[in-house]
Amino acid sequence: MGSRHLVISYDVTDDRIRARLAKRLRGYVDRVQKSVFEGPVEEGRLEDLRAGIRQAIDQEADSVRVYSLCARCQGATEIIGTGVYVEREEGDVIV
């Protein structure tokens, strides 16, 4: 079974909901910006990820975007600025 390289961004105003969503996303992908996560996710875990996002947010007020990047698109990703991970592992914050 393959995997997809995802970029997940969100717009969540409530701090409690945002923290809950970020915690859930950490179980799947790396945090690359404060509200952006990125990384490969096995096909078999995608529906669990989607369900977790639906459970974590207020679907009437919040927005989460999940982009799938093909291999060619991953290589064409351009990073302007530091490009450091905001958070690679829980509790390890790079600024």
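A salt bridge is a side-chain nitrogen of Lys or Arg within 4 Å of a carboxyl oxygen of Asp or Glu. In this structure, Glu47, Arg50 and Arg54 are linked in a network of such salt bridges. The model is a predicted one, where local features need pLDDT of at least 70, side-chain atom pairs count only at pLDDT 80 or more, and totals for chains, interfaces and linings use all residues. Residues are numbered from 1 along each chain as its sequence is written, and side-chain values use heavy atoms, with hydrogens and water left out.

**The nonpolar core**

- The largest nonpolar core (buried Ala, Val, Leu, Ile, Met, Phe, Trp, Tyr and Cys residues joined through side-chain atoms within 4.5 Å) has 16 residues.
- Buried means under 20% relative accessible area, exposed means over 50%, and partly exposed lies in between, using a 1.4 Å probe and protein chains only.
- The residues with the most contacts inside this core are Ile8, Tyr10, Leu21, Leu25, Phe37 and Leu49.
- At least two core residues come from each of β1 (3-11), α1 (15-26), β3 (36-42) and α2 (46-56).
- These labels follow DSSP runs, numbered from the N terminus: helices are H or I runs of at least four residues, and strands are E runs of at least two.
- To see one core member's surroundings, look at Leu21: leaving aside neighbours within four places in sequence, Leu21 is in contact (heavy atoms within 4.5 Å) with Tyr10, Val12, Ile53, Ala56, Ile57 and Val64.

**A salt bridge between distant parts of the chain**

- The structure holds 4 salt bridges, and one of them joins the side chains of Glu43 and Arg4, at 3.3 Å from N to O.
- This pair links distant parts of the chain, because Glu43 sits in the loop between β3 and α2 while Arg4 belongs to strand β1, 39 residues apart.
- Glu43 counts as partly exposed, at 31% relative accessibility, and Arg4 is also partly exposed, at 31%.

**The network around Glu47**

- Glu47 forms a salt bridge with Arg50, and their closest N and O atoms are 3.4 Å apart.
- Both Glu47 and Arg50 lie in helix α2, 3 residues apart, which is about one turn of the helix.
- Glu47 also meets Arg54 in a salt bridge between their side chains, at 3.2 Å from N to O.
- Glu47 is partly exposed, with a relative accessible area of 43%.
- Its two partners are partly exposed as well: Arg50 has a relative accessible area of 35%, and Arg54 has one of 40%.
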